[in-house]
Amino acid sequence: MNEKPTRHILSLSGGKDSTALAVYMRDKVPEMEYVFCDTGEELPETYEYLDKVEAYLGREIRRLKNNREGFADLLAARKGFLPSPAARWCTQYLKIVPFEQYVGDDPAISYIAIRADEAHRKGYLSTKANIRARYPFIEDGITKSDVTRLLYDSGLGMPSYYEWRSRSGCYFCFFQQRNEWVGLLERHPDLFWKAAAYEKFDSTTGQRYTWVPRESLEELAKPERVRQIQADLDKREATRQGAKVRNTLLDLFTEDVSDSEEGCLICHL
Ligand code: SF4
């Protein structure tokens with residue numbers, strides 16, 4: 001009996017690391033399948049960037065979706081209980097399920113973009129025995145500055161949302177910092193208010209379902225609050241700049257991209 005050949009799959013998040021991995025692997029594994037798990041709640045910049053990446057790769061990036069339930073259906077089924085870092089059902093149903101359905105029972109290697117300088121982090125590990133993980137950046141010692149170089153050398157550069165936001169993912173991602181919510185309000189007011197419409201106040205229990213702890217988006221959008229958030233950010237930036245020693249030109253390109261450990265290693269690589 002013939003065994004099925006192993007498939008090679010690279011899941012792009014629309015972020016810098018997975019894109020750099022696609023650039024890095026393009027000629028190494030010509031049979032690579034490129035996919036993007038589309039939550040249906042992505043930023044327009046993400047789709048634009050994926051189109052550029054697709055043109056660079058010369059290969060289709062398959063857009064995978066949960067065809068049974070979108071975010072609004074999932075939220076309704078949870079009675080308005082928004083996802084959060086502690087209850088990340090969005091990742092499970094909108095990213096992992098479509099990916100695992102796409103792979104099916106075929107033997108597959110999933111290429112994960114965790115870098116050598118963050119090797120202690122854990123990426124998506126499938127519970128399905130037929131999907132094995134490979135970490136080419138860790139294997140080859142590729143670090144953050146290499147990723148930046150790969151992206152600029154390829155002509156792709158960084159996704160444009162990095163101008164105001166530190167991670168890929170849904171426009172309403174709860175991993176955003178407050179100043180990034182302000183960025184969303186300024187750049188995409190329609191999406192900001194769409195996110196706000198998902199928040200809810202349960203008058204029976206007194207429970208508030210908000211994206212940001214202890215604050216609704218309506219409260220956050222008030223002009224005096226926006227000014228305060230921006231002032232807090234400026235203060236943090238000034239402290240950071242004072243402490244920073246710039247060694248190379250590359251630092252200038254990478255300095256605005258936060259790499260804190262917080263975040264989702266499926267959505268934000
Ligand atoms: S980007 Fe954020 S909100 Fe979207 S699926 Fe991932 S963790 Fe959930």
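Lys79 is exposed, with 62% relative accessible area, so let's start there. Keep in mind as we go that this is a predicted model. Lys79 belongs to the loop between H3 and H4, and its phi is near 50°, a positive value in a residue other than glycine.

Where else does a positive phi turn up without a glycine? Arg214 is one such place, with a phi of about 60°. You'll find Arg214 in the loop that runs between E7 and helix H9 (217-220). Is Arg214 buried or exposed? With a relative accessible area of 74%, Arg214 is exposed, because that value is over the 50% cut-off.

Now back to H3, and to a residue with another kind of surrounding. Leu74 sits in helix H3, and its relative accessibility is 1%, so Leu74 counts as buried. How far apart are Leu74 and Trp89 in space? From C-alpha to C-alpha they are 8.6 Å apart, while in sequence they are separated by 15 residues.

Trp89 is a nice one to stay with. The charged end of Arg78 sits over its ring, 4.8 Å from the centre. Trp89 is also part of one aromatic cluster, together with Phe71, Tyr171, Phe172, Trp181, Phe192, Trp193, Tyr198 and Trp211. Arg7 and Tyr102 give us another charge over a ring: the charged end of Arg7 is placed over the ring of Tyr102, at 4.8 Å from its centre.

On to the aromatic pairs. How many does the structure hold? There are 15 aromatic pairs. For anyone who likes geometry, a pair of aromatic rings is described by the distance of the centres and the angle of the planes. Take Phe81 and Tyr209: their pair is edge-to-face, 5.8 Å centre to centre, with 75° between the planes. What I like here is the sequence separation. The pair links distant parts of the chain, 128 residues apart, with Phe81 in the loop between helix H3 (71-77) and helix H4 (89-103) and Tyr209 in strand E7 (residues 207-209). The two partners have their own exposure classes: Phe81 is partly exposed, at 41% relative accessibility, whereas Tyr209 is buried, at 15%.

Another pair is made by Phe174 and Phe175. This one is tilted, with 5.0 Å between the centres and 45° between the planes. Why does Phe174 count as buried? Its relative accessibility is 10%, and buried means under 20%. Phe175 is buried as well, with a value of 9%.

Phe174 brings us neatly to the ligand. Which residues are around the ligand? They are Arg88, Cys90, Thr91, Gly169, Cys170, Phe172, Cys173, Phe174, Cys267 and His268. By class, that shell has 6 nonpolar, 3 polar and 1 charged residues. You may remember Phe172 from the aromatic cluster; here Phe172 appears again, among the residues around the ligand.

Last stop, the empty space. Rolling a probe the size of a water molecule over the atoms shows where empty space is left. The second largest pocket has a volume of about 210 Å³. Which of its lining residues are closest to its centre? Out of 13 lining residues, those are Leu82, Pro83, Ser84, Thr210 and Trp211. The lining divides into 9 nonpolar, 3 polar and 1 charged residues. Trp211 is a familiar name too, as a member of the aromatic cluster.

That's my tour, and I'm happy to take questions.

Notes: Residues are numbered from 1 along each chain as its sequence is written. This is a predicted model: local features need pLDDT of at least 70, side-chain atom pairs count only at pLDDT 80 or more; totals for chains, interfaces and linings use all residues. Side-chain values use heavy atoms; hydrogens and water are left out. A residue is near a molecule or strand if one of its heavy atoms lies within 4 Å of it. Ala, Val, Leu, Ile, Met, Phe, Trp, Tyr, Cys and Pro count as nonpolar, Asp, Glu, Lys and Arg as charged, and the others, Gly among them, as polar. Rings of Phe, Tyr and Trp (its six-membered ring) pair if their centres lie within 6.5 Å; planes under 30 degrees apart count as stacked, over 60 as edge-to-face and the rest as tilted. Helices (H or I, at least four residues) and strands (E, at least two) are DSSP runs, numbered from the N terminus. Buried means under 20% relative accessible area, exposed over 50%, partly exposed in between (1.4 Å probe, protein chains only). A charge sits over a ring if NZ of Lys or CZ of Arg is within 6 Å of the ring centre and within 35 degrees of the ring normal. On a 1 Å grid over the protein atoms alone, a cavity is a set of points where a 1.4 Å probe fits but cannot get out, and a pocket is an open set with protein on both sides within 12 Å along at least five of seven lines; lining residues have an atom within 4 Å of a point. Grid points are joined across faces, edges and corners, and a volume is the space filled by probe spheres set on the points.
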